[in-house]
Amino acid sequence: MTVDIEVVPLEKPDDVNVILGQSHFIKTVEDLHEALAGIGGPLKFGVAFCEASGARLVRRTGNDDSLVDLAVTAASAVAAGHCFVIMLRDGFPVNVLNQIKAVPEVCSIYCATANPLQVLVAVTGAGRGIAGVIDGEPPVGVETEQDVADRKDLLRAIGYKL
């Protein structure tokens, strides 16, 4: 048996965060919607889930049609069984990851990012699976004391620290 690796870029606007994960059941799409809707506030989202057996459809839901379309496009490009893609606007993954991880069908999260994202998809005769992700660029150095101060200021400015 051979394995080919495809690099699949996930296209999204700069103001959108993406969460890519693995699940195991058609009920996932509804449970992810409920978990995200339960966050409240201005969070906008689109969810797409690749069904791995039966009808093998890309299931979709969300509260913003443009984000649902983005999630469907991304999930269709990855086309790996039981993967899900969540596109977020007006909120950050840190606000929703615990709720997503608590969904019983969720097996793992590959990434949660606003960075440009590439998905490494392994392709065999049996199907497609996510082998990993490329999330951003490599570091160019180690933070200085000024960088530490700037990081702490940013976290306070956006409301994540007191």
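Contact here means heavy atoms within 4.5 Å. With that in mind, a good place to enter this predicted model is Arg89, a residue of strand β5, which covers residues 83–89. Setting aside neighbours within four places in sequence, Arg89 is in contact with Pro13, Asp15, Val16, Pro42, Leu43, Lys44, Ser66 and Leu67. One of these partners, Asp15, is also joined to Arg89 through a polar contact of 2.9 Å between the two side chains.

Strand β5 also holds Cys83. Cys83 is buried, with a relative accessible area of 0%. Not counting residues up to four places away in sequence, Cys83 touches Gly21, Gln22, Ala48, Phe49, Cys50, Val78 and Ile130. Lys12 lies 71 residues from Cys83 along the chain, and the C-alpha atoms of the two are separated by 18 Å.

Two of the partners named so far, Leu67 of Arg89 and Val78 of Cys83, lead on to helix α2. This helix takes in residues 65–78, and at 1.5 Å a residue its 14 residues should span 20 Å; the C-alpha atoms at its ends are indeed 20 Å apart, in agreement with that expectation. Its buried residues are Leu67, Val68, Leu70, Ala71, Ala74, Ala75 and Val78. Because they cover an arc of only 160° around the axis, they sit on the same side of α2. An α-helix has 3.6 residues a turn, so residues three or four places apart point the same way. The face of α2 turned away from the buried side carries the exposed residues Asp65, Asp69 and Thr73. The buried residues of the helix pack against β1 (4–10), β3 (44–50), β4 (58–62), β5, β7 (117–124) and β8 (127–135). Following α2 comes Ala79, with a positive phi near 55°.

The packing can also be followed through the nonpolar cores. The largest of these has 23 residues, and those with the most contacts inside it are Leu10, Val78, Val85, Met87, Val119 and Ile130. At least two residues of this core are supplied by each of β1, β2 (17–22), β3, α2, β5 and β7, and the largest share, 6 residues, comes from α2. Apart from this core lies another, of 16 residues, including Ile19, Ala35, Val47 and Val96. Returning to Val119, its contacts beyond four places in sequence are Glu6, Val7, Val8, Leu10, Leu20, Val78, Ile130, Gly132 and Val133. In soluble globular proteins, nonpolar side chains tend to be buried together.

How values were computed. Residues numbered from 1 in each chain as written. Predicted model: local features only at pLDDT ≥ 70, side-chain atom pairs only at ≥ 80, totals over all residues. Heavy atoms only, no water. Helix = DSSP H or I, 4+ residues; strand = E, 2+ residues; numbered from the N terminus. Polar contact = N/O pair within 3.5 Å; in protein donor to acceptor, adjacent residues only side chain to side chain. Expected span 1.5 Å × (residues − 1). Buried < 20%, exposed > 50% of the residue type's maximum accessible area, 1.4 Å probe, protein only. Arc of directions from axis to C-beta. Core = buried A, V, L, I, M, F, W, Y, C linked by side-chain atoms within 4.5 Å.
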